[in-house]
Each structure stands twice: as structure tokens, then as C-alpha cells.
Amino acid sequence: MKGIFPIEKLERIQTPFYYYDSEVLRTTLSAINSEIQKHEGFVVHYAIKANANPGVLRLIREAGLGADCVSGGEIEAALKAGFASNKIVYAGVGKSDWEINLGLDNDIFSFNVESIPELEVINQLARLKGKVAKVAFRINPNVGAHTHANITTGLAENKFGIAMQDMETVIERATQMENVKFVGLHFHIGSQILDMGDFEALCNRINDLQTQLENHHIRVGNINVGGGLGIDYQHPNRVPVPDFKAYFDTYAKKLKLRPGQTLHFELGRAVVAQCGSLIARTLYIKEGTHKKFCIIDAGMTDLIRPALYQAYHKIENIGSEEPLEAYDVVGPICESSDVFAKQIDLNRAHRGDLIAIRSAGAYGEIMASQYNCRKLPQGYMSDEI
Ligand code: LLP
């Protein structure tokens, strides 16, 4: 089963480029909204790091989601796309002064703070502006996730967050400061997580931590559990919308929210991955000694996930209906890791055929580089071409 693409329109655009199916994105966003409506106090912030294409951001903002940012540039992108500043959360282990000042100037919902030195700098910068910064502490819950090692973040050995045993000290330190206000706890255990048991483990850990804090009469305003819900890279056509019901129900059942607490999510991949495809053109079919190479005009500079994480993306020859043949699909970059897939079946390919690399809406366009002096790929929304 292949995806449905407006081939004549795509033929007119310079390849390689990202194509975003607005309908898939809208359906995904409605699925999120209809699930969170069932649970009081659930708030979703879209993790801008997954894709900051203005067209994509517009649809997400229109659906009412908040924004999760990890840099000043992302805060700027969120504001430019019209996200309300009081729905912006800002995380990151290394926030520069200008970035903190940008957050302060815009009175963002919260700074997710990852260390005491950072807390002190935020307090100082807020004092200079006569403001009080709302801070949440990112706690490293030491919960593993069954995903790729490069994208697990919640283990004690990772650089992220404040160790659990330091949590109370940090909160007490914050309550002594005049220009910060402690508003919540933040967690994130990793990305592309499909096993709900991992999120359940996080809930159990948070329940324990909340009890521990209550024993010390510390009240937490809100809980932010980060993102991480995975998508089905194997079946983008059959499963275009992730299982948001299972995801939100897990939190609703397992996390013991206290009265008045809000629960925040920072979903990136699950929101945008399936709506995006990288569209490339076949340049050459090369007969190797043992196999055939389909050489396309997109490379690891346009989509780095296969080279960086050995990630699987379904590939379709959308320009041919001829019988299937096995190919290695490779790009033009001078690196041997510039390979999208090995020995996969494609409809027989010819020079000029359009190739779609699927499920590329998350961490695709945004991670593109100009290595080899290549041009950055452009992104197009289906309803704007
Ligand atoms: N919140 C925090 C604190 C994060 O670090 C991340 C992702 C998210 C939310 C969003 O996670 P998501 O819902 O998208 O899983 N480039 C990699 C993924 C890196 C994820 C980094 N953090 C990839 O292409 O797989």
C-alpha cells in the first residue's frame, strides 16, 4: 500500500523538498484534542524542535496547542507563529543569558530549570528586570525507555535534569529566592516510545516523588511529563495517527494528580511525523556487482535520521507502478553513511521518478544541514501548492 500524493503538483516543485499533508496533520491534531478533552487539566505543548516549518506551526497553533521550546530561536519561532507566550515552556541544559531574557520579556509559562547554577542566573536576570520568573525543575527520574540509546534522556547517566536526591534542596533554594517562583516539576524519559509501560514507570516515579514532597509540605502546581510518544514508521498509510487514547489514558489512570494540578505534555514526533514526506527525484539507477542502487537527489543533509540513528523510513516510488525490484536507496553526499535503506522493494525505478521517504515530518526538515554546500530543502503544505 502506497501513500496518495498529488503527483502533477509535486512534479512542478524543485526536488528535494518536504511535503506536509495538511489533512493528516489536522486529523492528528483533532485526535489529540478529542482525547485531552476527556481528562481535566491536561494541556499539550507542541515540541517545536520536531518541526518549525511556519505552515506546520500555524495549523498546530490554530488547534490550540501550547509550545515547548529549547532555545531562544524556538521561542522566536513560536511567538512569530502566534503561540500565546503564557503557553510557552522553555527547557534546555544550557540556556544563554539572551535566551533567558527573551523568556522573561515575554512572561513565558515556565522555565524548565536543569541545574542550581542556572536557577541562580535566572533569579539574577529576573531581578534586573524587576520580574519573577516561573520555574519548574526538570527532574531526572532515572527511568529507562525502550528506544534508541541516542534518544533516551531519563537515565541517571544522561546529562539532563536534576538528580532525584537533589530535588528538595533545589526547591528549598528556589523558595528563598525573590525573583523566581517554583511552579512545577518537569520530566522527559526519551523519544519514539511505543511501550506504555515506560510511561507507566514514569507515573509511578512521579507518584512517589509527590508523596515525598508532601511529607515536607511542598506543594507542586503542575506536572510536566515531557513527550516521547512514538509513531508507526513501518505503516504510515495504515496507521497515520498515533494511539493518543492509550497514551493519555495511561497518564489518566496511573498518575495521581492532586486537586487543582494541571498535567502538561510536550509532544513532538507524534504530532508531526506522519504528515511529512521527503520528496526526491531519482537521478540514476546504477547496477552494482551484487545489487542495484537507486541514487536520488536527497541525501543525509536533508534527512539525517537513517545515518544518525539507523532509523527506518518507508520509501515509495510514487512515480511508477511497475513490478517491484530490490534497491539500495542512496543519496549524493560524499559519506558512506548517506544511505536511506538497503535492499528494499520499490516499483521499478527510472531516472526522473519521484521518490517519497515517509514519516519524515518530525526531526526531518529541522535537522537539515548545508554540508557539501547544499541548499536547505524547502517545506510545502499540501493545501498551499
Ligand atoms: N520534551 C523534551 C524535554 C525533549 O527533550 C523532547 C525531545 C521532547 C519533549 C519531544 O519528544 P517527542 O515527543 O518528539 O518524542 N532527533 C531525534 C529525537 C530527539 C528528541 C529530543 N527530545 C530523532 O530524530 O529521533
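How do the residues of the shell around the ligand divide into nonpolar, polar and charged? Let's work towards that together.

This is a predicted model, in which local features need pLDDT of at least 70 and side-chain atom pairs count only at pLDDT 80 or more, while totals for chains, interfaces and linings use all residues. Residues are numbered from 1 along each chain as its sequence is written, and side-chain values use heavy atoms, with hydrogens and water left out.

**Exercise 1. Describe the surroundings of the ligand.**

Step 1. Begin with the opening question: the shell holds six nonpolar, six polar and six charged residues. Here Ala, Val, Leu, Ile, Met, Phe, Trp, Tyr, Cys and Pro count as nonpolar, Asp, Glu, Lys and Arg as charged, and the others, Gly among them, as polar.

Step 2. Now list the closest residues. The ligand is surrounded by 18 residues (a residue is near if one of its heavy atoms lies within 4 Å). The closest are S191, E266, R305, Y309 and Y363.

Step 3. Look for polar contacts (pairs of N or O atoms within 3.5 Å; within protein, one must be able to donate a hydrogen and the other to accept it, and residues adjacent in sequence count only if both atoms are side-chain atoms). A side-chain N or O atom of S191 is 2.4 Å from an oxygen atom of the ligand. For E266, a polar side-chain atom is 2.6 Å from a ligand nitrogen atom. G268 takes part through its backbone, with an N or O atom 2.9 Å from an oxygen atom of the ligand.

Step 4. Check the cover. On its own the ligand has 580 Å² of accessible area (Shrake-Rupley method, 1.4 Å probe; for residues, only the protein chains shown count as cover), and the protein covers 92% of this. Two or more shell residues come from each of β10 (262–267) and α11 (305–309); helices (H or I, at least four residues) and strands (E, at least two) are DSSP runs, numbered from the N terminus.

**Exercise 2. Characterise helix α6, from its cap to the residue that follows it.**

Step 1. Compare lengths. Helix α6 covers residues 116–129, 14 in number, and its first and last C-alpha atoms are 20 Å apart, close to the 20 Å expected at 1.5 Å a residue. The expected span is 1.5 Å times one less than the number of residues.

Step 2. Inspect the N-terminal end. S115 caps α6 there, with a side-chain oxygen 3.3 Å from the backbone nitrogen of E118.

Step 3. Find the inward side. E118, L119, I122, N123, L125 and A126 of α6 are buried (under 20% relative accessible area; exposed is over 50%, partly exposed in between; 1.4 Å probe, protein chains only). Their cover includes α5 (97–105), β5 (110–113), β6 (133–140), α7 (167–176) and β8 (180–186), where contact means heavy atoms within 4.5 Å.

Step 4. Step past the helix. G130, just after α6, has a positive phi of about 65 degrees.

**Exercise 3. Repeat the analysis for helix α8.**

Step 1. The end C-alpha atoms of α8 are 29 Å apart, which agrees with the 28 Å that its 20 residues should span at 1.5 Å a residue.

Step 2. At the start of α8, D195 brings a side-chain oxygen to within 2.8 Å of the backbone nitrogen of G197.

Step 3. Among the buried residues of α8 are M196, F199, L202, I206 and L213. What covers the buried residues of α8 includes β6, α7, β8, β9 and α9 (244–254).

Step 4. H217, in the loop between α8 (196–215) and β9 (222–224), has a positive phi near 60 degrees although it is not a glycine. Its relative accessibility of 74% makes H217 exposed.

**Exercise 4. Is A78 buried or exposed, and what does A78 contact?**

Step 1. Locate A78: its place is in helix α4 (residues 72–80).

Step 2. Read the accessibility. A78 has a relative accessible area of 0%, so A78 is buried.

Step 3. List the contacts. Leaving aside neighbours within four places in sequence, A78 touches I48, A67, C69, F83 and I88.

**Exercise 5. Examine two backbone features in loops.**

Step 1. The peptide bond from T15 to P16 is cis, with omega near -10 degrees. P16 sits in the loop between α1 (7–11) and β1 (17–20).

Step 2. N142 is not a glycine, yet its phi is positive, about 50 degrees. N142 belongs to the loop between β6 and β7 (162–163) and, at 38% relative accessibility, counts as partly exposed.
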